[in-house]
Amino acid sequence: MAETRSFRQRLLAGDKLVGTFLKTPTSHATEIVAGLGFDFVVIDQEHAPFDRTTTDIALMAARGSNIPALVRVSGPDAILSVLDCGATGILIPHVASTAYAREVATLCRYRNGRRGYATSTRAGGYTAVPMWQHIRAADDTVTVIAQIEDPEALDQIDAIAAVEGIDSLFIGRGDLTAAFGDETPNPPAIRAAVETITAAARKANKPVSVYVGGRPEAEWLQSQGATTFIFNSDQGFLRQAATRGLAEMREVLG
C-alpha cells in the first residue's frame, strides 16, 4: 500500500488543494464539509466565535472525519492549545515582520523551538504515543501558514518568506485592500501586492495560499502561482443555498 502523504507534504509539494473556512462553532459543519471531499478545513478563531472548547470539538470531528484541520488563531497565545487539541497546523494573521515570523515558527516546533511539551493531549494520543515518536511526528507534520495582510510586511516579504518553519504565505487581500483604502474595483495596489508576495514565495520555494470567493478569483490567483485555495465558508455556503432555495419557493408560490 502506498504511504499516505501528510497535508504538509502535499502543501509543500505544490499539490492543488481546496479547503474552506469554518465559522460555525459546532461539529456538524466539519463533518458535512469532510463528506463532500474538501482537502482541508480552516477553523476560524480570528473572525468567528470559536473558543478553546468549541475548537476542540471541531478538531475532534475533523479527526473522526479524516480531514486535515488548520486553525486560524487570533494570535500566538492560542498556538499551543490548538496544536495540543490536534490541529494539523495554523494560519497566523498579521505576519508583518521577520521577527514575528520566526517567533510563530518556533512556537510550532519542539526541536530548535519553543512548543510546550505534553502527550496527555489528543495530539499525543492521551499519553499513548511515546515522547520522541510524538516529537518527530509533530515536527514533521505541523503546518505553519503566515498571513501577509499588512502593507509594512511587503517591505520585508523576501526575508519573511525565507524564515525556516514558515511553510506557506497566505495573501490577505481583504486587509490589504482596507489598509490601502482604494475603493475602486480591482485596485492596482492589491494586484501589485499579490505579485510581490508570489515572487517572494517563488524565490523561497514556498507555496502560496489564498482565499477565493469564486471562479474568477481562483483562475487569476492560480495564474499567479497559488496552489492552496480556501474557498468560501460554511456560512457562505449556507447563505448561498438558502438564497437559491427561497427564490425557488417564491417562484413556486407566485
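Strands are runs of at least two residues assigned E by DSSP, and they are numbered from the N terminus. In the predicted model described here, one such run is strand β7, which comprises residues 208–212 and contains Ser209. In total, the protein has 11 helices and 8 strands.

The overall dimensions were considered next. The C-alpha trace spans about 65 × 45 × 40 Å along the principal axes of the protein. For a chain of 254 residues, a compact globule would be expected to have a radius of gyration near 18 Å, and the value of 19 Å found for the protein agrees with this. Of the 254 residues, 50% count as buried. Among contacts with a separation of 6 or more, 62% are made by residues 24 or more positions apart. The exposed surface of the protein amounts to about 12,600 Å², of which carbon and sulfur atoms supply 54%. The protein carries 24 positive and 29 negative charges, and the mean positions of these two sets are 5 Å apart.

Helix α5 illustrates how buried residues are covered by other elements. This helix comprises residues 98–107, and its buried residues are Thr98, Tyr100, Ala101, Val104, Ala105 and Leu107. An α-helix has 3.6 residues a turn, so residues three or four places apart point the same way. The cover over the buried residues of α5 includes two helices, α4 (79–84) and α7 (157–161), together with the strands β4 (89–92) and β5 (143–148).

Two individual residues were then examined. Ser209 has a relative accessible area of 2%; because this value lies under the 20% limit, Ser209 is classed as buried. Its side chain makes a polar contact with the side chain of Ser168 at 2.8 Å. When residues up to four places away in sequence are not counted, Ser209 touches Leu11, Ile145, Ser168, Leu169, Phe170, Ile171 and Thr228. Ser168 therefore appears both as the polar partner of Ser209 and in its list of contacts, as a polar contact requires N or O atoms within 3.5 Å and a contact requires heavy atoms within 4.5 Å.

Cys85 lies in the loop between α4 and β4. With a relative accessible area of 8%, Cys85 is likewise buried, because the value is under 20%. Apart from neighbours within four places in sequence, Cys85 is in contact with Arg52, Asp56, Leu59 and Arg122. The C-alpha atom of Cys85 is separated by 32 Å from that of Gln156, a residue 71 positions apart from Cys85 along the chain.

Definitions and conventions
Residues are numbered from 1 along each chain as its sequence is written. This is a predicted model: local features need pLDDT of at least 70, side-chain atom pairs count only at pLDDT 80 or more; totals for chains, interfaces and linings use all residues. Side-chain values use heavy atoms; hydrogens and water are left out. Helices (H or I, at least four residues) and strands (E, at least two) are DSSP runs, numbered from the N terminus. The radius of gyration is taken over C-alpha atoms; the globule rule is 2.2 Å times the number of residues to the power 0.38. Buried means under 20% relative accessible area, exposed over 50%, partly exposed in between (1.4 Å probe, protein chains only). Accessible areas come from the Shrake-Rupley method with a 1.4 Å probe; for residues, only the protein chains shown count as cover. Lys and Arg count as positive and Asp and Glu as negative; His and the chain ends are not counted. The place of a charge is taken as NZ of Lys, CZ of Arg, CG of Asp or CD of Glu. A polar contact is a pair of N or O atoms within 3.5 Å; within protein, one must be able to donate a hydrogen and the other to accept it, and residues adjacent in sequence count only if both atoms are side-chain atoms.
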